[in-house]
Amino acid sequence: MKISAITLGCKVNQYESEAMLSQLCRAGCTLCPKGEAADVVILNSCTVTAASDQKVRQTLHKARRENPDAVIVLTGCMPQAFPEESEALSDADIVLGNSNRASLLNHIMTYLSTRQRIIDIVPHETGEQFEPLEIDSFHDRTRAFLKIQDGCNRFCAYCIIPYARGRVRSKPLADIQKEVAALAGHGFQEIVLTGINLSCYGQDLGLHLCDAVEAACAVEGIQRVRLGSLEPEQLSPDVIARLSKQDKLCPQFHLSLQSGCDATLRRMNRHYDTAEYRKIVADLRATFPNCAITTDIMVGFPGETDEEFGESLAFAKEIGFARVHVFAYSRRPGTKANDAPNQLTNKIKSARSKEMIAVTTATQQAFLTKQVGTTQTVLAEREIAPGCFEGYTPNYTPVHFSGEGPLGGKLCPITITGVEGDHCIGAKP
């Protein structure tokens, strides 16, 4: 059978899609070449916003239209959080939740023999174990994502993910090292450790995120270990000092901010304030010279006043982020914020998004300019034009540079010579 996967959402979803493809390939399936109709299409869904659900519906319908005879599998966060709505999507032949992907192959074979629709969504339970997924490659990528944590216990006012992902659970260290070693054996030099709430890795195992970082860094052949999105309040001075001892750890920290206003953070049910965030950033910059601090900022949260937005805007400018994902609050049924008073209009949210993007684009430009004149090791990602490659430095600065031959996945020393738009340009020294 020829199989393909469509992934919507985060890096964790990308890992899980790869794991499902690997599972099927080990059973004798083959990846469907681009441009051909597949026998099995897996749609791994995201449900972080109502707009995400609409995209799932549209993508599912398109997959059915382009693969009319295929077995269509809908899995991921949408079925888990909203099983009834997902079951109603008739374009899907098989609907799976987030906790039972081990049954994927059996369900496909059962459907092929019976042609009877299969709905299998198992509710999350307290104390459930980490799902034993495994990959040894990552198709069409030069860096591999490795999911080491799942679930979240925080219940931020705007977020449905604890319902879609369950409680915190972690991948055992031995399994992390085994999987990293397999990826190194396939030529990967950079691993990105990911999770739904990565900072909470190990809470269920008596371990800490530092243990996972050290385990990954210890694997021969791996040159870089990068961290996915982090909840900032977990980064105490002791943790930062311990992380700094790992030379392979990339000096880029994505610290989820959401708002630079303390009153808004309290309504969001976030677990830090701006003073704590400011100190953590200062500690990171003192310990990891030239590190990149990246983040997410939401605008237009219910009740956000002009003054509160101004505070958030000023804080973003003060911190000087290297890169920011700015997004407007979107109502998500099933969350506390969905029913909160003082919902803002789309017009206000759009205006605030533009203003925040303008400020954070300026801080990004300032960060990129600081890189000029430095020589850094760039992991070549892809050839974007004949003889021109795109890659990333350890602090995740995007760099375009000239080169010859197949450089994808190789580490190249590059002197950064300038800035063009949202990336730097460079040349071999």
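# A walk through a predicted chain

In this predicted model, the backbone oxygen of Met 78 lies 3.3 Å from a polar atom that belongs to the side chain of Ser 86. Ser 86 itself is found in helix H4, which covers residues 83–87, and it is buried, with a relative accessible area of 0%. If we set aside residues up to four places away in sequence, Ser 86 touches Leu 74, Met 78, Pro 79, Val 95 and Arg 117, so Met 78 appears among its contacts as well as in the polar pair, given that contact means heavy atoms within 4.5 Å. Elsewhere in the chain is Asp 262, which is 176 residues away from Ser 86 in sequence and, from C-alpha to C-alpha, 37 Å away in space.

With this one residue in mind, we can step back to the chain as a whole. The chain contains 13 helices and 18 strands, and its C-alpha trace spans about 60 × 60 × 45 Å along the principal axes. A compact globule of 429 residues would have a radius of gyration near 22 Å, and because the chain has 22 Å, the two values agree. Of the 429 residues, 54% are buried, and the surface that the chain exposes comes to about 18200 Å², with carbon and sulfur atoms supplying 52% of that area. Among the contacts with a separation of 6 or more, 72% are made by residues that stand 24 or more positions apart.

Leu 198 gives an example of such a contact pattern in a loop. This residue lies between strand E9 (190–195) and helix H8 (209–217), and at 0% relative accessibility it counts as buried. Which residues does Leu 198 touch, not counting those up to four places away in sequence? They are Ile 148, Gln 149, Leu 193, Leu 209, Leu 227, Gly 228, Ser 229 and Leu 230. Although Leu 198 and Gly 151 are 47 residues apart along the chain, their C-alpha atoms are separated by 9.1 Å.

Gly 228, Ser 229 and Leu 230, which we have just met beside Leu 198, are also in contact with His 254, together with Thr 294, Thr 295 and Asp 296, when neighbours within four places in sequence are left aside. His 254 has its place in strand E11, residues 252–254, and with a relative accessible area of 17% it is buried, because that value falls under 20%. Its side chain makes a polar contact of 2.9 Å with the side chain of Asp 296.

Leu 411 offers a contrast in accessibility, since at 27% it counts as partly exposed. Leu 411 lies in strand E17, residues 411–420, and, leaving aside neighbours within four places in sequence, it is in contact with Gln 189, Gln 223, Arg 224, Thr 377, Val 378 and Leu 379. Its C-alpha atom and that of Gln 149 are separated by 28 Å, with their positions 262 residues apart along the chain.

Two asparagines deserve a look for their backbone angles. Asn 269, in the loop between helix H10 (262–268) and helix H11 (274–287), has a phi near 65°, a positive value in a residue other than glycine. Asn 342, in the loop between E13 and H13, likewise has a positive phi, near 60°. Are these residues partly exposed or exposed? Asn 269 is partly exposed, with a relative accessible area of 33%, whereas Asn 342 is exposed, at 58%.

Finally, we turn to the aromatic rings. A pair of such rings is described by the distance of the centres and the angle of the planes. The structure holds 10 aromatic pairs. In one of them, the rings of Phe 301 and Tyr 329 have centres 5.4 Å apart and planes at 75°, so this pair is edge-to-face. Why does the pair tie together parts that are 28 residues apart in sequence? The reason is that Phe 301 lies in the loop between strand E12 (292–299) and helix H12 (306–319), while Tyr 329 lies in the loop between strand E13 (323–328) and helix H13 (346–371). Both Phe 301 and Tyr 329 are buried. Tyr 272, Tyr 277, Phe 315 and Phe 321 form one aromatic cluster, and at another ring, that of Phe 130, the charged end of Lys 147 sits over the ring, 5.3 Å from its centre.

Terms used. Residues numbered from 1 in each chain as written. Predicted model: local features only at pLDDT ≥ 70, side-chain atom pairs only at ≥ 80, totals over all residues. Heavy atoms only, no water. Phe/Tyr/Trp six-rings, centres within 6.5 Å; stacked < 30°, edge-to-face > 60°. Helix = DSSP H or I, 4+ residues; strand = E, 2+ residues; numbered from the N terminus. Buried < 20%, exposed > 50% of the residue type's maximum accessible area, 1.4 Å probe, protein only. Lys NZ or Arg CZ within 6 Å of the ring centre and 35° of its normal. Rg over C-alpha atoms; globule rule 2.2 N^0.38 Å. Areas by Shrake-Rupley, 256 points an atom, 1.4 Å probe, with all protein chains shown as cover. Polar contact = N/O pair within 3.5 Å; in protein donor to acceptor, adjacent residues only side chain to side chain.
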